[in-house]
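Me: I'd like to learn how to read a helical model like this one. Could you walk me through it, one feature at a time?

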Amino acid sequence: MAEFFQMGGYAAFVWPSYALCALVLWLNWYLPRKQHEKELRLLRRRRKAEKR
Amino acid sequence: MFLWFHKLGSPPHFYRIAGKWIPWLSGIFLALLVAGLYGGLILAPTDYQQGESYRIIFVHVPAAWMSLFVYVVMAFCGVVIIVWRMKLAEVVLISSAPIGASFTFLALVTGSLWGKPMWGTYWVWDARLTSELILLFLYLGVIGLHNAIEDKRVAARAVAILALVGVVNIPIIHYSVEWWHSLHQGASLSKFDKPSMPPSMYVPILLMALAFQFYYALALFHKCRAELLRRERNSKWVEEL
């Protein structure tokens, strides 16, 4: 197991690559979802305001 | 066929379809990702020259491929925008830009993390690396130009032209390792030649590449849905949501 994480001495290059990949994929998934929810919230608030 | 295309091009229809597809795309992406990572990090043997450092390839090559693919999608949208002024193409183009920029950035950084132990340097001004860096600037240019123009319909046309002009860079990136002497190694996989590596190495690359394709569709759909709502805030279909 430890051997796997050492990556034959290249751990300092291999793991940051994978970590950055995970971060980039997560951001491009998370940010649009947040933006989408914000739009929906805005829409609901506006609808409420119109009812009054 | 034309009718189907026309229907898909309507914002409310696309919004609904994209919402329906997202769970499926997520599932397929995760399955391919797990298979690709398992194949790449656990099953694939150590490279006889590069040792374990070559395992960066399983994120580097798919990211680099996607950086080109997303740009071609954007250029295609550019044609559709200029010729037919299709709204959905505008949304797809601008929603693709940050995703493409991310893949390009990822390809550049993972490449330089691979270059350090193998070439002895993080960066060289070589044809492949420089043209890929220009691709990043093109993506950033598209995003910046779009943000700079207030009227989004006008912005879309400007961005469409930039995307089209920039597409000349794509074959340059692709052939750079053949046209110029480059420190970068040649193509890992090509359609015509026998692969330069055993299946235990290239199958995980293909799995990861496929995973990234599904990821692109997934991220694009999320982004398009948000973008559509923002643009069509005042239209009837959004009111009825």
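**Reading the helices and their contacts**

Reply: Let's start where the two chains meet: the buried residues of α2(A) pack against α3 (57-84), α4 and α8 of chain B. Keep in mind that this is a predicted model.

Me: Which residues of α2(A) are buried?

Reply: Burial here is a matter of counting neighbours: a residue is buried if 20 or more other C-beta atoms lie within 10 Å of its own. In α2(A), that description fits A:Phe13, A:Val14, A:Ser17, A:Cys21, A:Leu25, A:Asn28, A:Pro32, A:His36 and A:Glu39.

Me: What about A:Ala11, is that one buried or partly exposed?

Reply: A:Ala11 also sits in helix α2 of chain A, but it has 14 C-beta neighbours inside 10 Å, so it counts as partly exposed. Leaving out residues up to four places away in sequence, A:Ala11 touches A:Phe5 and A:Gln6.

Me: How do I check the length of a helix such as α2 of chain A?

Reply: Compare the expected span with the distance between its ends. Helix α2 of chain A (residues 11-51) has 41 residues, which at 1.5 Å a residue should span 60 Å, and its end C-alpha atoms are 59 Å apart, so the two agree. You can also take two points along the chain: A:Ala11 and A:Arg44 are 33 residues apart, and their C-alpha atoms are separated by 49 Å.

Me: Now the interface. How many residues does each chain bring to the contact?

Reply: Chain A brings 20 residues and chain B brings 27 residues. On the chain B side, α4 (87-119) and α8 (199-231) each supply at least two residues. It is α4(B) that gives the most to that side, with 10 residues. Sorted by class, the side of chain B that touches chain A has 15 nonpolar, six polar and six charged residues.

Me: How are two packed helices described?

Reply: You give the angle between their axes and the distance between the axes. Try that on the pair that spans the two chains: the axes of α2(A) and α4(B) come within 9 Å and cross at roughly 175°. An angle over 145 degrees counts as roughly antiparallel, and α2(A) and α4(B) are therefore roughly antiparallel to each other.

Me: Which residues make that contact between α2(A) and α4(B)?

Reply: From α2(A) you have A:Phe13, A:Pro16, A:Ser17, A:Leu20, A:Cys21, A:Val24 and A:Asn28. Facing them from α4(B) are B:Pro98, B:Ile99, B:Ser102, B:Leu106, B:Val109, B:Thr110, B:Leu113, B:Trp114, B:Lys116 and B:Pro117. By class, this contact has 12 nonpolar, four polar and one charged residues.

Me: What angle do α4(B) and α5 of chain B make?

Reply: Helix α5 (residues 127-148) of chain B packs with α4(B) at an angle of about 155°, and their axes are 9 Å apart. These two are therefore roughly antiparallel as well. For handedness, α4(B) passes α5(B) in a left-handed crossing. On the α4(B) side, the residues that meet α5(B) include B:Ile94, B:Ala97, B:Gly100 and B:Phe105; among their partners in α5(B) are B:Leu136, B:Tyr139, B:Leu140 and B:Ile143. The residues of this contact divide into 14 nonpolar, three polar and one charged.

Me: And is the crossing of α5(B) and α6(B) left-handed or right-handed?

Reply: Right-handed, in this case. The axes of α5(B) and helix α6 (residues 152-166) of chain B come within 9 Å and cross at roughly 165°. That makes α5(B) roughly antiparallel to α6(B). Here B:Leu138, B:Gly141, B:Val142, B:Leu145 and B:His146 in α5(B) meet B:Ala155, B:Ala158, B:Val159, B:Leu162, B:Ala163 and B:Gly166 in α6(B). Sorted by class, there are eight nonpolar, three polar and no charged residues.

Me: Let's finish with the loops. What is the phi of A:Met7?

Reply: Phi of A:Met7 is near 50°, a positive value in a residue other than glycine. A:Met7 lies in the loop between α1 (2-6) and α2 of chain A. With 19 C-beta neighbours inside 10 Å, A:Met7 counts as partly exposed. B:Arg85 also has a positive phi, near 55°, and is found in the loop between α3 and α4 of chain B. B:Arg85 has 13 other C-beta atoms within 10 Å, so this residue is partly exposed.

Me: Where is B:Val168 found?

Reply: Look in the loop between α6 and α7 (169-179) of chain B. B:Val168 is exposed, with 9 other C-beta atoms within 10 Å.

Definitions and conventions
Residues are numbered from 1 along each chain as its sequence is written. Chains are lettered from A and ligands numbered from 1 in the order in which they are written. This is a predicted model: local features need pLDDT of at least 70, side-chain atom pairs count only at pLDDT 80 or more; totals for chains, interfaces and linings use all residues. Two residues are in contact if their C-beta atoms, placed from the backbone, lie within 7 Å. Helices (H or I, at least four residues) and strands (E, at least two) are DSSP runs, numbered from the N terminus. Ala, Val, Leu, Ile, Met, Phe, Trp, Tyr, Cys and Pro count as nonpolar, Asp, Glu, Lys and Arg as charged, and the others, Gly among them, as polar. Axes are lines fitted to C-alpha atoms, for helices over the stretch in contact, and angles run from 0 to 180 degrees between N-to-C directions. Angles under 35 degrees count as roughly parallel, over 145 as roughly antiparallel, 65 to 115 as roughly perpendicular and the rest as oblique. A crossing is left-handed if the near helix is turned anticlockwise from the far one by less than a right angle, and right-handed if clockwise. The expected span of a helix is 1.5 Å times one less than its number of residues. A residue is buried if 20 or more other C-beta atoms lie within 10 Å of its own, exposed if 12 or fewer, and partly exposed in between; C-beta atoms are placed from the backbone.
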